[in-house]
Amino acid sequence: MEPLNDTLSRPLKDLRISVLDRCNLRCTYCMPEESLHARGVFLRPQYLLSDGEIELLVRVFARLGVHKVRLTGGEPLLRPGFVELVSRISAVEGITDLALTTNAILLPRHAGALKEAGLGRITVSLDSLDGDVFYKMAGGRGSVQEVLDGISAAEAAGFERVKINTVVQRNVNDHTVIDLVEHFRTTPHTVRLIEFMDVGNVNNWDRELVVPSAELLKKIHDRWPLRPVAKQPLGETARRYAFTDGAGEIGFISSITEPFCGDCSRARVTAEGLFYSCLFSAKGTVLRDKIRAGSGEDELVDEIRGLWLKRADRYSELRSHLPQRQPHIEMYRMGG
Ligand code: SAM
Ligand code: SF4
Ligand code: SF4
């Protein structure tokens, strides 16, 4: 199939679906507790895409060339019937890579069933191994041990190589990065250090809190020499480095200091069925109501094809030229 290219010649290859906006943590960089005081801040069940609607959209995207789907949130494992949803998506023709991003707290309960349902890969978010730092960043919920237990459960279920996502903030957890890298570098798992991003409107983003990846790379390289790994396939957000002593790899996701819009082949669908062509878009396109009004697969294929053909997003590359921080949808709705 000919790839569907946007105005900047970027093919539509990946789909990220947020399956739920709720979460059992309150990470300060994503969903700070104090921002949730308004009642009804989360979507009520009738506004969420149903399993059937998500499956339909996956079929539509698969027809447009998507092979890779990542399920995210909020916390996906809180969605009732999530394992069944995974098995429905993994059965869609053309979907060859099905991944999950999770905070891992509920993995001990679900990892085995997820493997059986056809989930291929798991990414776990873990910002620090220091209990106090973790607790502070997670908004006073969860614990390091629960996340490590989740990772062990994933391993036991046969997810041999887990990606560990770590958001790094200056004077918050940057002093614990070396310990975290040391812990995982001799395991099959790969740590990816993520620059704190200006997603959403409530996370008090401040450039001063961003630790440039180059700074972390130097710090880690000084301790354990690294060499760059050859350029990744299009759509891979992390720049990868291998430890020269053979103890695995590390990745850097540097949306602030080294934007990668030129490689961005990713469409996003929120928990309420809005299509977004960029993490930082101000406005999405409503798909849920079209489905509920009777739009079928062919119409949705045409709609999304049209949206992708018009796509010109490159927010991260333009960020420093924009006059002020732009309003955009919250990360826990959009899905990271
Ligand atoms: N709850 C799941 C989790 O935390 O893995 C999935 C959803 S979470 C929104 C997806 C990813 O987005 C996580 O790895 C999280 O660390 C990342 N994220 C959230 N807010 C971020 C921010 N402001 N900057 C960078 N990454 C962020
Ligand atoms: Fe929840 Fe994930 Fe956001 Fe943390 S980053 S609050 S775990 S959705
Ligand atoms: Fe993709 Fe938008 Fe991020 Fe650029 S800013 S990499 S276009 S999601």
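Contact here means heavy atoms within 4.5 Å. With that in hand, welcome to a set of close-up views of a predicted model.

**View 1. Asp97 and its surroundings in strand β3.** Let us start with the residue that puts the contact cut-off to work. Asp97 belongs to strand β3, and, leaving aside residues up to four places away in sequence, Asp97 touches His67, Lys68, Val69 and Arg121. For a distance to check in your viewer, take the C-alpha atoms of Asp97 and Arg70: they are separated by 8.2 Å, although the two residues sit 27 residues apart along the chain.

**View 2. Thr123 in strand β4.** Is Thr123 buried or exposed? Thr123 has a relative accessible area of 1%, so this residue counts as buried. Residues up to four places away in sequence aside, the contacts of Thr123 are Arg70, Leu100, Thr101, Thr102, Lys163 and Asn165.

**View 3. The open sheet of 12 strands.** Reading across the sheet, the order is β7-β8-β9-β6-β5-β4-β3-β2-β1-β10-β11-β12, and the pairing is mixed. The edges are taken by β7 (226-228) and β12 (285-286); each has a single partner strand, so one side of each is left without a neighbour in the sheet. At the β7 edge, 3 bridges join β7 to β8 (residues 239-243), and these two strands run antiparallel. One pair to look for is Arg227 with its bridge partner in β8, Ala242.

**View 4. Helix α1 across the sheet strands.** Helix α1 covers residues 51-63 and lies across β1 (14-18), β2 (68-72), β10 (266-269) and β11 (274-276). Relative to β1, helix α1 runs at about 170°.

**View 5. The two sides of helix α3.** Which residues of helix α3 (residues 107-116) are buried? They are Leu107, Ala111 and Leu114. Seen down the axis of α3, the buried residues fall within an arc of 80°, so they line one face of the helix. Their packing partners are α2 (82-90), β3 (97-102), β4 (121-125) and α5 (144-157). On the other side of α3, Arg109 and Glu116 are exposed. Just after the helix comes Gly118, with a positive phi of about 105°.

**View 6. Two loop residues with positive phi, Ala104 and Asn171.** A little background helps here: most residues other than glycine have a negative phi. Ala104, in the loop between β3 and α3, has a phi near 75°. Asn171, in the loop between β5 (163-168) and α6 (177-185), has a phi near 60°. How do the two fare for accessibility? Ala104 is buried, with a relative accessible area of 0%, whereas Asn171 counts as exposed at 67% relative accessibility.

**View 7. The shell around ligand 2.** Ligand 2 is surrounded by three cysteines you can pick out by number, Cys23, Cys27 and Cys30, together with Leu25, Tyr29, Met31, Gly74 and Asn103. By residue class, this shell divides into 6 nonpolar, 2 polar and no charged residues.

**View 8. The shell around ligand 3.** Which residues surround ligand 3? The shell holds Arg10, Phe260, Cys261, Cys264, Cys278, Leu279, Phe280, Asp313, Tyr315 and Ser316. Sorted by class, the residues around ligand 3 come out as 7 nonpolar, 1 polar and 2 charged.

Conventions:
Residues are numbered from 1 along each chain as its sequence is written. Chains are lettered from A and ligands numbered from 1 in the order in which they are written. This is a predicted model: local features need pLDDT of at least 70, side-chain atom pairs count only at pLDDT 80 or more; totals for chains, interfaces and linings use all residues. Side-chain values use heavy atoms; hydrogens and water are left out. Two strands pair if DSSP finds at least two bridges between them. Helices (H or I, at least four residues) and strands (E, at least two) are DSSP runs, numbered from the N terminus. Axes are lines fitted to C-alpha atoms, for helices over the stretch in contact, and angles run from 0 to 180 degrees between N-to-C directions. A residue is near a molecule or strand if one of its heavy atoms lies within 4 Å of it. Ala, Val, Leu, Ile, Met, Phe, Trp, Tyr, Cys and Pro count as nonpolar, Asp, Glu, Lys and Arg as charged, and the others, Gly among them, as polar. Buried means under 20% relative accessible area, exposed over 50%, partly exposed in between (1.4 Å probe, protein chains only). The arc is that of the directions from the helix axis to the C-beta atoms.
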